[in-house]
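Hi everyone, thanks for having me. I'll walk you through one model today, so please have it open on your screen.

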Amino acid sequence: MKRILVLCTGNSARSQLAQGYLQHFAGDRAEVYSAGVDPKGVNPAAIQVMAEDGLDISHHTSNHADEYTGIAFDYVITVCDNAREQCPYFPSAGELIHHSFSDPGHTGTPERPGEDLVTSFRRVRDEIKAYSREFIHQKLPA
């Protein structure tokens, strides 16, 4: 069984979404964890938009990356630039991967004026879902 760690700044949104989808697509082929360099708690909007897609992440916790430095991971995925820059050293990580997703908590940006919080979370959720599906297809084929 493979072990995957997803890192984000606050472990409140992007890493939580990715953990949910990666575990969903991997099934029993992987254990997926998520953590942050500055954990803030799981964002209720993340729980809401995942529930809309049939996945329950309400049991997820927001953890600090330091809690996992002793675990041998096959993959460590950073999903935001800040986490990549502040990521603790994982000597047992097989492969470090970076794929930055926009912060769903930042709404009304010049690129997306008038975008509300839930719409932003849905957009980022869908991007992470597609990425997670492809990641599992490539790295853990059935």
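First, some vocabulary: helices (H or I, at least four residues) and strands (E, at least two) are DSSP runs, numbered from the N terminus. With that, we can place Ala130, which sits in helix 4. Before going on, a word on where this comes from: the model is predicted, local features need pLDDT of at least 70, side-chain atom pairs count only at pLDDT 80 or more, and totals for chains, interfaces and linings use all residues. Residues are numbered from 1 along each chain as its sequence is written, and side-chain values use heavy atoms, with hydrogens and water left out.

Back to Ala130. Is it buried or exposed? Let me give the cut-offs: buried means under 20% relative accessible area, exposed over 50%, and partly exposed in between, using a 1.4 Å probe and protein chains only. Ala130 has a relative accessible area of 42%, so it counts as partly exposed. In sequence, Ala130 and Tyr21 are 109 residues apart, yet from C-alpha to C-alpha they are 9.0 Å apart in space.

Now the sheet. Two strands pair if DSSP finds at least two bridges between them. Here we get an open sheet of four strands, in the order 2-1-3-4, with parallel pairing. Strand 2 and strand 4 (95–98) are the edges, each pairing on one side only. In the middle, strand 1 and strand 3 pair in the parallel sense over four bridges, and Val6 has Ile77 of strand 3 as its bridge partner. Strand 3 is also joined to strand 4 by four bridges, again running parallel, and there Val76 stands opposite Leu96. Look at the side chains of strand 3: Tyr75 and Ile77 point one way, Val76 and Thr78 the other, and all are buried.

What about helix 1? It has 13 residues, and ten of them are buried; among those ten are Leu17, Tyr21 and Leu22. The cover over the buried residues includes strand 1, strand 2, helix 2, strand 3 and helix 4, where touching, or contact, means heavy atoms within 4.5 Å. Right after helix 1 comes Gly27, which has a positive phi, near 60°.

On to the inside. In general, nonpolar side chains in soluble globular proteins tend to be buried together. By a nonpolar core I mean a set of buried Ala, Val, Leu, Ile, Met, Phe, Trp, Tyr and Cys residues joined through side-chain atoms within 4.5 Å. The largest one here has 30 residues, and Ile4, Leu22, Ile77 and Phe135 touch the most other members. Strand 1 (2–8), helix 1 (14–26), strand 2 (30–36), helix 2 (44–52), strand 3 (75–78) and helix 4 (117–139) each supply at least two of its residues. Which of them gives the most? That's helix 4, with six residues. There's also a second, separate core of eight residues, including Leu5 and Tyr68.

Ile77 is worth another click. Leaving aside neighbours within four places in sequence, its contacts include Ile4, Leu22, Ile97 and Phe135.

Last stop: aromatic rings. Rings of Phe, Tyr and Trp (its six-membered ring) pair if their centres lie within 6.5 Å; planes under 30 degrees apart count as stacked, over 60 as edge-to-face and the rest as tilted. That rule gives seven aromatic pairs. Tyr75, Phe101, Tyr131 and Phe135 make up one aromatic cluster. Thanks, and happy to chat!
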